[in-house]
Amino acid sequence: EPWRALSEYNPFLSEERCSHMLVALAGVLLRSVRVAQANASVAGIGQLIALIRSALEMEVESAASLLSSSGLSEWPFSRRMKRHALVAASYDIPLATDRLQELCEHLSALRGEIERLSRDTTPASTDSNHTALAALSAADKDELAFVLFHLAEFDPTRAHASLATAAPGHVLDLARRGCCLAGRELVLLGEACSAGDGGGDEGPGDSTGGG
């Protein structure tokens with residue numbers, strides 16, 4: 001009998017005590033099996049969610065490629081932009097495609113504002129930020145717009161407001177060295193292109209500028 005096996009290890013255990021221990025052991029085993037099954041279920045659900053998200057990301061990837069190849073977008077789409085569009089559209093692919101176009105328009109508007117500020121010759125434009133913007137090349141202005149738009153988490157209001165406070169040279173230097181700013185990753189335009197997330201190897205250039 002099981003209780004006799006236990007008493008061989010500890011002869012001071014009574015039959016009643018051994019029976020209580022065996023009942024408790026059965027309860028522990030039952031609970032541990034249920035916990036293991038629950039953990040396996042949670043892991044399986046996590047893998048299923050990851051597979052669904054991956055499939056949806058592939059769909060929005062195709063939509064982004066179509067936008068770029070058709071000339072509807074002059075900016076590359078980073079992975080973060082595509083994920084943001086998916087979440088904002090509640091994973092509806094047509095809505096996510098529309099959201100990507102909106103992001104492109106906001107990004108172009110930000111680039112235009114950078115160009116306008118860099119060419120502003122009014123007395124108020126003599127501060128260090130305007131001077132730094134004027135010293136940037138067209139490619140650097142593209143990079144700055146892309147970095148600031150991601151840093152603002154695709155909020156156009158915050159992105160435009162950051163032009164008054166962000167030191168352009170410092171921001172670009174941090175981004176090119178792979179650093180973070182305020183705990184956020186700085187995403188470069190060239191990285192989006194080289195990662196295959198965008199629609200070309202070049203930025204939109206000075207054509208987005210205001211003039």
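Here are some notes on this predicted model, working from the whole chain down to single helices and residues.

1. Start with the overall make-up. The chain holds nine helices and two strands. Reading from the N terminus, the order is α-α-α-α-α-α-α-α-β-β-α, so have that string handy when you look for a given element.

2. Next, the chain as a whole. It has 211 residues, and 36% of them count as buried. About 12,200 Å² is exposed, with carbon and sulfur atoms supplying 58% of that area. As for contacts between residues at least 6 apart in sequence, 68% of them join residues at least 24 apart.

3. Now have a look at helix α2, which covers residues 15–69. With 55 residues, α2 reaches 80 Å from its first C-alpha to its last, close to the 81 Å expected at 1.5 Å a residue. Its buried residues are Cys 18, Gly 27, Leu 56, Val 60, Ala 63, Ala 64, Leu 67 and Ser 68. Several of these turn up again below, in the contacts with α3 and α4.

4. How do α2 and α4 cross? Their axes come within 10 Å, at roughly 45°. That angle makes α2 oblique to α4, and the crossing is right-handed. From α2, the residues involved are Leu 56, Glu 59, Val 60, Ala 63, Ala 64 and Leu 67. They meet Ile 93, Ala 96, Thr 97, Leu 100 and Gln 101 in α4. Among the α2 residues here, Leu 56, Val 60, Ala 63, Ala 64 and Leu 67 are buried.

5. Helix α2 also packs against α3, at an angle of about 110° and with the axes 10 Å apart. This makes α2 roughly perpendicular to α3. The contact is made by Leu 56, Glu 57, Val 60, Glu 61 and Ala 64 of α2, together with Arg 79, Lys 82, Arg 83 and Leu 86 of α3. Again, α2 passes α3 in a right-handed crossing.

6. That leaves the pair α3 and α4. Helix α3 spans residues 79–88 and helix α4 spans residues 93–119; their axes come within 8 Å and cross at roughly 130°. So α3 is oblique to α4, and this crossing is right-handed. Met 81, Lys 82, His 84, Ala 85, Leu 86 and Ala 88 are the α3 residues that meet α4. On the α4 side you'll find Ile 93, Ala 96, Arg 99, Leu 100 and Leu 103. Note that Ile 93, Ala 96 and Leu 100 of α4 also meet α2.

7. Is helix α6 buried or exposed? Of its 14 residues, 12 are buried, so α6 is largely enclosed by the rest of the structure. Among the buried ones are Asp 140, Lys 141, Asp 142 and Glu 143, and also Phe 146, Phe 149 and His 150. The helix runs over residues 138–151 and reaches 20 Å from first C-alpha to last, close to the 20 Å expected. Just after α6, Glu 153 takes a positive phi of about 55°.

8. One last stop, close to the start of the chain: Ser 7 lies in helix α1, residues 2–9. At 18% relative accessibility it counts as buried, because the cut-off is under 20%. Leaving aside residues up to four places away in sequence, Ser 7 touches Leu 13 and Cys 18. Ser 7 and Cys 18 are 11 residues apart along the chain, and their C-alpha atoms are separated by 7.5 Å. Cys 18 is itself one of the buried residues of α2.

How values were computed: Residues numbered from 1 in each chain as written. Predicted model: local features only at pLDDT ≥ 70, side-chain atom pairs only at ≥ 80, totals over all residues. Heavy atoms only, no water. Helix = DSSP H or I, 4+ residues; strand = E, 2+ residues; numbered from the N terminus. Buried < 20%, exposed > 50% of the residue type's maximum accessible area, 1.4 Å probe, protein only. Contact = heavy atoms within 4.5 Å. Areas by Shrake-Rupley, 256 points an atom, 1.4 Å probe, with all protein chains shown as cover. Expected span 1.5 Å × (residues − 1). Axes fitted to C-alpha atoms, helices over the stretch in contact; angles between N-to-C directions. Parallel < 35°, antiparallel > 145°, perpendicular 65-115°, else oblique. Left-handed = near helix turned anticlockwise from the far one by under 90°.
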